[in-house]
Structure formats: C-alpha cells, structure tokens
Amino acid sequence: MLSTRDAIARAYAVGLDLVEISPNAEPPVAKILDYGKFKFEQQKKRNEARKRQKIVEIKEVKVRPNIDENDYQVKLRAMKSFIGEGDKVKVTLRFRGREMAHQELGVKVLERIRGDMETDTKVEQMPKMENRQMVMVLAPK
C-alpha cells in the first residue's frame with residue numbers, strides 16, 4: 001500500500017498515468033498505466049459487445065380460420081425459420097364476415113399452431129381477441 005503522493009511520483013517517473021480502478025474498495029485500488037490506451041481498450045470492448053448483441057424482432061404471420069393444409073404447412077415452416085433465427089413470432093388470425101360467429105375454429109387453428117411449435121417455442125402471449133382478430137405471440141425457448 002502506497003500513499004497517493006508516492007504512487008503519483010512512481011507513475012510520473014515511468015512516464016505513465018495513475019488510474020483509479022475501484023474507488024469504492026477499502027483501500028481504493030489504483031494502477032499505473034497509459035490512460036489513453038486504457039480508454040481505447042474499454043471502447044473496443046464496448047463495441048465488440050454491441051456487435052455480438054442480437055436484436056430480437058417480432059415477425060408477424062397472418063392466418064385465417066379455414067386455412068388449407070398446404071398453406072398451413074408453409075406458414076408453419078416460415079414460423080420455424082423465424083424462431084430458428086431467434087426472433088419472436090406474432091400469429092394473427094383474422095376473422096371476416098360470418099367467421100366471427102365461429103371463433104372456436106380460430107381457437108382450434110391457434111391451438112394447433114401452438115402444439116406444432118411446442119418443442120421450439122414458449123407462448124409469450126396466449127391467444128386473445130383484438131377487434132376482429134385473434135393474436136398470439138410465440139418466443140424461442
């Protein structure tokens with residue numbers, strides 16, 4: 001343990017800076033190093049962390065209550081690829097005209113999607129009605 005004055009004198013003698021690393025420690029920790037280089041290294045670390053960060057997007061897939069089997073399989077493949085990329089999937093089931101009277105068909109379609117995607121996803125938002133459409137959000141596990 002050095003006094004502050006001695007530490008500054010040693011840093012000056014070597015031609016470097018005295019940098020306080022953790023001021024809240026008891027006693028405070030300081031290092032003798034090149035401050036400009038230290039700042040540069042910190043900036044590089046921050047940029048690297050930002051580069052590795054994955055921004056999660058919400059992809060929307062629209063389906064209808066009376067969707068055909070082939071169309072269903074195409075939508076399912078699209079949802080699986082979105083989940084594979086780490087994105088969330090918002091499944092929107094739109095009702096038109098008299099379909100509003102048979103909302104149970106829409107619930108069945110969303111339950112089928114949930115069952116088929118169960119291994120890869122978790123349901124972030126259970127199916128709920130918003131005006132003339134039913135919405136469910138799936139997120140990767």
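A residue counts as buried when its relative accessible area is under 20%, as exposed when over 50%, and as partly exposed in between, using a 1.4 Å probe and protein chains only. This is a predicted model, in which local features need pLDDT of at least 70 and side-chain atom pairs count only at pLDDT 80 or more, while totals for chains, interfaces and linings use all residues. Residues are numbered from 1 along each chain as its sequence is written, and side-chain values use heavy atoms, with hydrogens and water left out.

**Domains**
- An automatic or database assignment divides the chain into domain 1 (4-52) and domain 2 (58-140), whose centres, taken over C-alpha atoms, are 53 Å apart.

**Nonpolar core**
- The largest nonpolar core (buried Ala, Val, Leu, Ile, Met, Phe, Trp, Tyr and Cys residues joined through side-chain atoms within 4.5 Å) has 17 residues, and Val63, Met79 and Met117 are among those with the most contacts inside it.
- Helix α3 (69-84) is one of the elements that give two or more residues to this core, and α3 supplies the largest share, four residues; helices (H or I, at least four residues) and strands (E, at least two) are DSSP runs numbered from the N terminus.

**Threonine 121 and methionine 117**
- Threonine 121, in strand β5 (residues 121-130), is buried, with a relative accessible area of 5%.
- Not counting residues up to four places away in sequence, methionine 117 is in contact (heavy atoms within 4.5 Å) with Leu76, Met79, Lys80, Ile83 and Leu138, whereas the contacts of threonine 121, with the same exclusion, are Ile83, Leu138, Ala139, Pro140 and Lys141.
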